[in-house]
Amino acid sequence: METPFLAQLRAQERSQLREWLQQVAQGNGGILFITGDWGMGRSSLLRDAVAQAAGLGLVAADTWCRGEHGEPAWMPLASLMEQLLRAFGHDPLAQPLADQLQHWMAFPQSWHIPAQFIRTLRSLARKRALLLCVDDFHLASDALIRLLHG
């Protein structure tokens with residue numbers, strides 16, 4: 001639950017977030033980083049984005065990073081993939097996500113993202129706009145950061 005102070009403090013950011021989400025819903029995707037000091041409402045703003053996304057027809061999936069020693073490097077991506085698989089059901093376009101997820105669960109130390117994974121995300125996004133949120137990204141493993149930065 002957000003305090004009234006934080007809601008007022010983040011009013012401008014919420015407005016900017018709404019505008020950005022509308023652009024995403026129209027097919028103009030991108031990457032948005034929400035930054036700020038501890039306790040200033042980053043996570044709340046992210047939850048707000050996920051809630052707004054549904055109203056705009058986007059498929060939203062969210063996860064968080066627990067730190068390099070608290071989880072396998074691929075765990076945040078696996079969480080996003082599970083949510084996307086639920087959202088897209090038995091759509092054949094989502095099958096590579098299920099295959100990759102099964103591979104990671106069977107071989108947790110063998111973690112890489114094949115190009116097919118990226119192609120799959122692009123195909124799904126063409127079908128329906130996606131919002132993928134990763135909270136506490138500053139705690140992400142170096143491997144995950146390198147992956148997402150290309």
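In helix α3, the buried residues are R42, S44, L45, L46, D48, A49, V50, Q52 and A53. The model is a predicted one, and α3 makes a handy place to start reading it. The helix runs over residues 42-55, and its 14 residues span 20 Å from the first C-alpha to the last, close to the 20 Å expected at 1.5 Å a residue. The cover over its buried residues includes helix α2 (11-25) along with the strands β1 (59-64) and β2 (130-135). Just past the end of α3, G57 adopts a positive phi of about 85 degrees.

Stepping back to the whole chain, there are seven helices and two strands, laid out along the sequence as α-α-α-β-α-α-α-β-α. Of the 150 residues, 37% are buried. Among contacts between residues at least 6 apart in sequence, 67% join residues at least 24 apart. As for confidence, the chain has a mean pLDDT of 81, and 86% of its residues reach 70 or more. Of the elements, β1 has the highest mean pLDDT, at 90, and helix α1 (residues 4-9) the lowest, at 56. Where pLDDT is low, the predicted coordinates should not be read in detail.

Back to α3 and its helical neighbor. Two packed helices are described by the angle between their axes and the distance between the axes. For α2 and α3, the axes come within 10 Å and cross at roughly 35 degrees, and the crossing is right-handed. On the α2 side, the residues that take part are E13, R14, L17, R18 and L21; they meet S44, L45, D48, A49, Q52 and A53 of α3. Several of these α3 residues already turned up in the buried set, including L45, D48 and A53.

The α2/α3 pairing also hosts a salt bridge, one of two in the structure. Here D48 pairs with R14, with 3.1 Å between the closest N and O atoms. The partners come from distant parts of the chain, D48 from helix α3 and R14 from helix α2, 34 residues apart. R14 has a relative accessibility of 13%, so it counts as buried, and D48 is on the buried list for α3 as well. Further along α2 sits Q22, which is partly exposed at a relative accessible area of 39%. Q22 and G57 are 35 residues apart along the chain, and their C-alpha atoms are separated by 9.9 Å. G57 is the residue with the positive phi just after α3.

The other salt bridge joins the side chains of K127 and D91, at 2.3 Å from N to O. K127 belongs to helix α6 (residues 115-127) and D91 to the loop between α4 (75-88) and α5 (95-106), so the bridge ties together parts that lie 36 residues apart in sequence. The two partners differ in how much they show at the surface: K127 is exposed, with a relative accessible area of 52%, whereas D91 is buried at 14%. Helix α6 also holds R119, which counts as partly exposed at 45% relative accessibility. R119 and P96 are 23 residues apart in sequence, with 9.4 Å between their C-alpha atoms.

Helix α4 has 14 residues and reaches 20 Å from its first C-alpha to its last, close to the 20 Å expected at 1.5 Å a residue. This helix is mostly covered, with ten of the 14 residues buried. The buried set consists of P76, L77, A78, S79, L80, M81, Q83, L84, L85 and F88. After α4 comes G89, with a positive phi near 55 degrees.

One more backbone detail concerns a residue that is not glycine. Most residues other than glycine have a negative phi, and most peptide bonds are trans. D136 has a positive phi, near 55 degrees. D136 lies in the loop between β2 and α7 (142-149), and is partly exposed there, with a relative accessible area of 24%.

How values were computed
Residues are numbered from 1 along each chain as its sequence is written. This is a predicted model: local features need pLDDT of at least 70, side-chain atom pairs count only at pLDDT 80 or more; totals for chains, interfaces and linings use all residues. Side-chain values use heavy atoms; hydrogens and water are left out. Helices (H or I, at least four residues) and strands (E, at least two) are DSSP runs, numbered from the N terminus. The expected span of a helix is 1.5 Å times one less than its number of residues. Buried means under 20% relative accessible area, exposed over 50%, partly exposed in between (1.4 Å probe, protein chains only). Contact means heavy atoms within 4.5 Å. pLDDT is the predictor's confidence in each residue, from 0 to 100. A salt bridge is a side-chain nitrogen of Lys or Arg within 4 Å of a carboxyl oxygen of Asp or Glu. Axes are lines fitted to C-alpha atoms, for helices over the stretch in contact, and angles run from 0 to 180 degrees between N-to-C directions. A crossing is left-handed if the near helix is turned anticlockwise from the far one by less than a right angle, and right-handed if clockwise.
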